[in-house]
Amino acid sequence: MQPLSLLTPDAARSLAGVIFDLDDTVLDHGALTEVAYGALFRLRETGLALIACTGRPAGWGEVIQRQWPIDATIAENGAVALVREPAAPGAGPQRGLAPGAGSGRVVLLDGLDREARRTRRAELVALADDMVRRFPAATLADDNDQRVTDVTLDIGEHRRVPQEDIQKMRAELRERGVRTLVSSVHLHLTRDPSDKATGAVRLLASRFGEDPTRARLRYAFVGDSGNDGVAFAAFLLTFGVANVRAHLGKLSVPPRFVASLPMGRGFAEIAHRIAELRKNAPAP
């Protein structure tokens, strides 16, 4: 991993957008700080598309998509996405809102129909209940009511679950045909094949008109933990906030650049470096 000082103007100027994780990347233990939120505006001012990419639920993604200065939100580790449809003619954005907020309606993009989703998720809830009963250090995460595709166990947000228990749960779930993903706060149970990288590339191709291969060169990814590993491997220009160092053992490919600060302050450090280089670089 290299310090941000080695990021070049050419690399920053080559970007069309930035895709970023939420928990412990933009958010500090679940809280959005002024410095991190302001950094989104600084990036947007340089002409970059902004896409949140999180393991958090679709219900959270809808709120974020309505309120933040971003172009799309990928939720539940790539399984679904939320975008804003164009506003009706004459219905411009309300004054004082973030760019994009208040114009058009937010829609959920999901490749599976609603009834199939309900059936699949009911099976996952039953499995999660069994895991919690047998591994009482874990509990159902408090954001499950807002989820569409997966079920999450709290292993690091309000609980501290031993790594041995996490590994045993993952092994048993794998035997039952369930995929698991681990973030800094949750153990995710899913039957969807998507991850953050495939979900991001699919969205960029379907909604942004990007060639799937070229998209990996034109968009940067910012993250911090194990479920960001596939995106660190997929995208050419990747960044970690300082707390990514605690998760390097879970990453087959580390981020290319790393901030000196953790969480939201680290995200702001990365954002300001990209923005500074894009603004100060000489015109081609």
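This report walks through a few helices and single residues of the structure above.

The model is predicted, so local features need pLDDT of at least 70 and side-chain atom pairs count only at pLDDT 80 or more, while totals for chains, interfaces and linings use all residues. Residues are numbered from 1 along each chain as its sequence is written, and side-chain values use heavy atoms, with hydrogens and water left out.

**Helix H4**

Let's start with H4, which covers residues 114-134. Helices here are DSSP runs (H or I) of at least four residues, strands are runs (E) of at least two, and both are numbered from the N terminus. The expected span of a helix is 1.5 Å times one less than its number of residues. With 21 residues, H4 should therefore span 30 Å, and its end C-alpha atoms are indeed 30 Å apart.

At the N-terminal end, Asp113 acts as a cap: one of its side-chain oxygens sits 3.1 Å from the backbone nitrogen of Glu115. Further along, the buried residues of H4 include Arg117, Arg121, Leu124 and Leu127. "Buried" means under 20% relative accessible area, "exposed" means over 50%, and "partly exposed" is in between (1.4 Å probe, protein chains only). What do the buried residues of H4 pack against? Their partners are strand E9 (139-140), strand E10 (151-154), helix H5 (163-175) and strand E12 (186-190).

Two packed helices are described by the angle between their axes and the distance between the axes. For H4 and H5, the axes come within 11 Å and cross at roughly 145°. Axes are lines fitted to C-alpha atoms, for helices over the stretch in contact, and angles run from 0 to 180 degrees between N-to-C directions. On the H4 side, Leu127, Met131 and Arg134 make the contact, and on the H5 side it's Met169, Glu172 and Leu173. Contact means heavy atoms within 4.5 Å.

**Helix H3**

Helix H3 runs over residues 58-67. Ala58, Gly59, Gly61, Ile64 and Gln65 are buried there. The buried residues of H3 pack against strands E6 (72-75), E7 (80-84) and E8 (106-109).

**Four single residues**

Here is how four residues compare in accessibility.

| Residue | Relative accessible area | Class |
|---|---|---|
| Asp10 | 60% | exposed |
| Met1 | 38% | partly exposed |
| Ser183 | 11% | buried |
| Arg56 | 2% | buried |

Asp10 lies in helix H1 (residues 9-13). The C-alpha atoms of Asp10 and Gln67 are 31 Å apart, with their positions 57 residues apart along the chain.

Where is Arg56? You'll find Arg56 in the loop between strand E5 (49-53) and helix H3. Its side chain makes a polar contact with the side chain of Glu157 at 2.7 Å. A polar contact is a pair of N or O atoms within 3.5 Å; within protein, one must be able to donate a hydrogen and the other to accept it, and residues adjacent in sequence count only if both atoms are side-chain atoms. Not counting residues up to four places away in sequence, Arg56 also touches others, including Asp23, Ala75 and His186.

Ser183 belongs to the loop between strand E11 (179-182) and E12. A polar atom of its side chain lies 3.1 Å from the backbone nitrogen of Val185.

Finally, Met1 is in the segment before strand E1 (2-3). Met1 and Arg256 are 255 residues apart in sequence, and their C-alpha atoms are 5.0 Å apart in space.
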